Structure formats: C-alpha cells, structure tokens
Amino acid sequence: MTDTIFAKIVRREIPADIVYEDDDVLAFRDLNPQAPVHVLFIPKRPIATLDDASPGDAELLGKLLLAAAAYARAQGLAKDGYRTVVNTNTHGGQTVFHIHVHLLAGRQMHWPPG
Ligand code: AMP
C-alpha cells in the first residue's frame, strides 16, 4: 500500500494530538472534528481499508474497538454514549487509506448518517 498521512503520524514525522498509545494502537484527535470529541484509533501496522483486512487481522481490529471503548469509558463518555465508525472506500466516505475507527461523542448522533 502507499504511505499515508497516518503512517507519518505513527512514525512521528508529522505532529498529532495523541491521546492514547500502546504497542499496536495509536489514537489522536481528528484535525476536523465532527463532534465535541472526535478521536481516530488506528493500528500502527497499516491496513488500507476494512476490505483489505483478513482473518489474521482479527485480533488487531478487535484491539482498535476495545481501545476506543476503554478511552470512552475513561473519559466518562460511555454512559451518554458515542458512535464508532469505519468508513470504507468511496461510497463509505474514506479519505485516508490507513484503516481507522472514528470515535464521536459529546452530542446526540443521528440516524441515518449522511
Ligand atoms: P475518513 O474520511 O474516514 O478516511 O477519515 C479521515 C479523517 O482523518 C478525517 O476525519 C480527517 O479530518 C482526518 N485527518 C486527516 N488528516 C489528519 C491529520 N493530519 N491529523 C488528524 N486527523 C486527520
């Protein structure tokens, strides 16, 4: 896959407002937040899209969701709730091809999404 801006963030080549990190996962605030809390959870090992994920990525994908849930809980966001989103390819609205989970919180979310 081609290098992305998120891979550069993992390598600390460009700055980001990092809020969580472990061996496998990095989380940072979205540059263009769509809610009072908008954090992106990415694997350090890049996978371009959900469509590129394979069974061998199951544990890593699970870690992304669990890291988002733990962050939301620790920030006191879980009781009111939040939304987690993975956009895939063009119709999904994906713009950065390094898989990421959006965590959106701090306001009422609506359905269906736009
Ligand atoms: P998606 O459209 O699902 O691929 O989401 C990509 C997200 O990355 C968008 O919400 C952008 O605002 C965000 N984004 C792009 N560049 C950066 C950056 N350098 N730091 C933080 N967030 C970014």
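**Figure 1. The fold, read along the sequence.** Which pattern does the protein follow, read along the sequence? In this predicted model, the order is α-β-β-β-α-β-α-β. That makes three helices and five strands to look for as you trace the chain.

**Figure 2. Overall dimensions of the protein.** Taken along the principal axes, a box of roughly 35 × 30 × 30 Å holds the C-alpha atoms. The radius of gyration is 14 Å, which agrees with the value near 13 Å for a compact globule because the protein has 114 residues.

**Figure 3. Surface, burial and contacts.** About 7000 Å² of the protein is accessible surface, and carbon and sulfur atoms account for 54% of this area. Of the 114 residues, 35% count as buried. Turning to contacts between residues at least 6 apart in sequence, 51% join residues at least 24 apart.

**Figure 4. A look into the largest pocket.** Here we meet the largest pocket, with a volume of about 880 Å³. Its lining is made up of 33 residues, and those nearest the centre are Asp30, Gln34, His38, Asn87 and His102.

**Figure 5. What lines the largest pocket.** Two or more lining residues come from each of these elements: helix H1 (5-10), strand S2 (25-29), strand S3 (37-43), strand S4 (82-85), helix H3 (89-92) and strand S5 (101-105). Sorted by class, the lining of this pocket has 15 nonpolar, 13 polar and five charged residues. Asp30 and His102 are among the residues to find nearest the pocket centre.

Conventions
Residues numbered from 1 in each chain as written. Predicted model: local features only at pLDDT ≥ 70, side-chain atom pairs only at ≥ 80, totals over all residues. Heavy atoms only, no water. 1 Å grid on protein atoms, 1.4 Å probe; cavity = no way out; pocket = protein on both sides within 12 Å on 5 of 7 lines; lining within 4 Å. Points joined across faces, edges and corners; volume = space filled by probe spheres on them. Helix = DSSP H or I, 4+ residues; strand = E, 2+ residues; numbered from the N terminus. Nonpolar A, V, L, I, M, F, W, Y, C, P; charged D, E, K, R; others polar. Rg over C-alpha atoms; globule rule 2.2 N^0.38 Å. Buried < 20%, exposed > 50% of the residue type's maximum accessible area, 1.4 Å probe, protein only. Contact = heavy atoms within 4.5 Å. Areas by Shrake-Rupley, 256 points an atom, 1.4 Å probe, with all protein chains shown as cover.
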